[in-house]
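Open the model in your viewer and keep the selection tool at hand. This tour goes from stop to stop, saying what to select and what is there.

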Amino acid sequence: MSTPQKNGIACDDGNAPNGTCVNQDRSEDSDYLVHDIAQHTNLRSGPHENLSRGVPGKRKLPVSTVEMLVGREGNYSGRGRFSSADGCHVLSRYLPVNGPWWVDHLKSRAYVSQFSADGSLFVAGFQRSHIRIYNVDKGWKVQKDILAKSLRWTITDASLSPDQQFLVYSSLSPIVHIVNVGSAASESIANITEIHEGLDFSVDDYDDDDYEGIGIFSVKFSTDGKELVAASSDNSIYVYDLEAKRPSLRILAHKSDVNTVCFADETGHLLFSGSDDHLCKVWDRRCFGTRGKAAGVLVGHLEGITFIDSRGDGRYFISNGKDQTTKLWDIRKMSSNVPYTPRLRDPHFDYRWMDYPTHARAVKHPHDQSLATYKGHKVLRTLIRCYFSPAYSTGQKYIYTGSSDGSLHIYDLVSGDQVVSCHHHEAPVRDCSWHPLYPTIVTSSWDGVIARWEFPGSDEEPARHAPRQRRPSY
């Protein structure tokens, strides 16, 4: 995509003494996404055309908040109020880049951090067995302090149930644990103060794998809360039936570790997966046997995929890759059967301790099926995550991602511009989460810091800290 664009929102360094936010200029000849997702995004986040001029009859100018307020008061649109797209246009102009304010700091790497669907709770998972659930509405007070059970290396993922009563957490183990977070106890020590029930993802029907050695990299609740979907190191995807308390489906999905999987939409029929074999795949459970084929394959990444986020419409998703890119996909462009292809680059590259080769950054897959590619962040050391911005406040106008250089990066979905890059952390930002309703983003890093970025920000001073010596990354 094009070089980053300078956004209309200035990030004043005076508001962020410890974090640095950079808005970068876009070249005049930048390419724009020419696809119907661009039209959908504009419809969701663009203002009514009659609100784009401050005075009726004047030449149409770029839409400012003041102009839109004038247009609303003058009822230029004929509605007498803002539509949801008008509201998204206003809110999306004020990005949460002021700060950061520290939410918490533990002497352990932060791997997972996510808001609940309604934004009232926030979950953070740390390497040394800690999971904390914060009550956002009560000043980020710790509502539940969970000491996890039987971890192997770290907590790899955690997911809240839709009703926010249960939380599952995974590790490099076939056992996923579930905790009742709706209980009154503020402290949950595994099988001491509360039972953390183990959900065994092993499948007896297959004898070709060592299940004791597999690990779960990603686990998610279905929309109805009745199932879990998980991605594992034995090249498989698992679907777990919570009522039957057993796996209902195992898919031998890829030729390498499956790092990420998610439901494509609310129906739960479609799944998206990404693997170290550098392929993204689509699975339709309605016409699928336990040893069936993928509904489609999407190629374009040169290295393994670290994370996938669905737009929620069953059609579009984004993926982070170890080739240092985020890609946008439309499943209507998928191929029915793409054979596994070897890496187009040096096969000895290992993202866990090596920098990505400079000469490889310009290499493009000859059969790239993605709609757009976003560059500027770094996907090294760990499985960096990326997401669409919230539909309610931005109309999913942006995508955002952590970075191994300790930064948060926000891109314009349609133009590809890097709108903002926020620097604060001293280690990789593995996960980040945008509040579903308000202009707040939380970043979690291997430096143990959970940091909050806001617009305009609270009255308190942003957190200050003395630099610490970096720990080696493995």
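**Stop 1: an open sheet**

This is a predicted model. Start by selecting Phe307 and Asn320: Phe307 stands opposite Asn320, which is in strand 21. Now widen the selection to strand 20 and strand 21 (residues 316-321). The two pair in the antiparallel sense, over five bridges. Which sheet do they belong to? An open one of four strands, in the order 20-21-22-23, with antiparallel pairing. Look at the edges next: strand 20 (305-310) and strand 23 (372-375) each pair on one side only. On average, neighbouring strands here are turned by 20° against each other, direction ignored.

From strand 23, follow the chain into the loop that leads to strand 24 (386-388). Select Arg381, which has its place in that loop. Its phi is near 75°, a positive value in a residue other than glycine.

**Stop 2: another open sheet**

Select strands 12, 13, 14 and 15. These four form an open sheet in the order 12-13-14-15, and the pairing is antiparallel. Strand 12 (216-221) and strand 15 (246-252) stand at the edges. Each has a single partner strand, so one side of each is left without a neighbour in the sheet. Neighbouring strands of this sheet are turned by 20° against each other on average, direction ignored.

Move to the middle of the order. Strand 13 (residues 227-232) and strand 14 (residues 236-241) are paired antiparallel over five bridges. Pick Ala231 there: Ile237 in strand 14 stands opposite.

A general point helps while you look. Strands of a sheet pair through backbone hydrogen bonds, either parallel or antiparallel.

**Stop 3: strand 5 and its partners**

Select strand 5 (130-135). Is strand 5 largely enclosed or largely open? Five of its six residues are buried, so strand 5 is largely enclosed by the rest of the structure.

Add strand 4 (residues 121-126). It runs antiparallel to strand 5, and five bridges join the two. Select Phe122 to see one bridge; its partner in strand 5 is Tyr134. The hairpin of strand 4 and strand 5 has three residues between the strands. Ser129 in this hairpin takes a positive phi near 75°.

Now add strand 6 (141-147). Six bridges join strand 5 to strand 6, again antiparallel. His130 has Leu147 in strand 6 as its bridge partner. In this hairpin there are five residues between the strands, and Gly139 takes a positive phi near 70°.

Step along to Trp140, in the loop between strand 5 and strand 6. Phi of Trp140 is also positive, near 65°, in a residue other than glycine. Is Trp140 buried or exposed? It counts as buried, at 15% relative accessibility; the cut-off for buried is under 20%.

**Stop 4: cis peptide bonds**

Select Gly99 and Pro100. A cis peptide bond joins them, with omega about 5°. Pro100 is found in strand 2 (residues 98-105).

Then jump to Phe455 and Pro456. The peptide bond from Phe455 to Pro456 is cis, with omega near 0°. Pro456 sits in the segment after strand 30 (449-454).

**Stop 5: a buried tryptophan**

Select Trp434, in strand 28 (residues 429-434). Trp434 is buried, with a relative accessible area of 6%. Add Trp453, 19 residues away along the chain. The C-alpha atoms of Trp434 and Trp453 are separated by 9.3 Å.

**Stop 6: the cysteines**

How many disulfides does a search of the whole structure find? Zero. Select Cys280: it is in no disulfide, and the nearest cysteine sulfur, that of Cys386, is 9.8 Å away. Cys280 counts as buried, at 1% relative accessibility. Cys432 is in no disulfide either; its nearest cysteine sulfur is that of Cys386, 8.4 Å away. At 0% relative accessibility, Cys432 counts as buried.

**Stop 7: out to the surface**

End with Leu91, Tyr392, Leu437 and Tyr438. They form a nonpolar patch on the surface, with about 420 Å² of accessible area together. Zoom in on Tyr392, which lies in helix 4 (residues 391-394). Tyr392 is exposed, with a relative accessible area of 56%.

Methods:
Residues numbered from 1 in each chain as written. Predicted model: local features only at pLDDT ≥ 70, side-chain atom pairs only at ≥ 80, totals over all residues. Heavy atoms only, no water. Patch = residues over 30% accessible without salt bridge, like charges linked within 9 Å, V, L, I, M, F, W, Y side chains within 5 Å. Areas by Shrake-Rupley, 256 points an atom, 1.4 Å probe, with all protein chains shown as cover. Salt bridge = Lys/Arg side-chain N within 4 Å of Asp/Glu carboxyl O. Buried < 20%, exposed > 50% of the residue type's maximum accessible area, 1.4 Å probe, protein only. Pairing = 2+ DSSP bridges. Axes fitted to C-alpha atoms, helices over the stretch in contact; angles between N-to-C directions. Disulfide = S-S within 2.5 Å.
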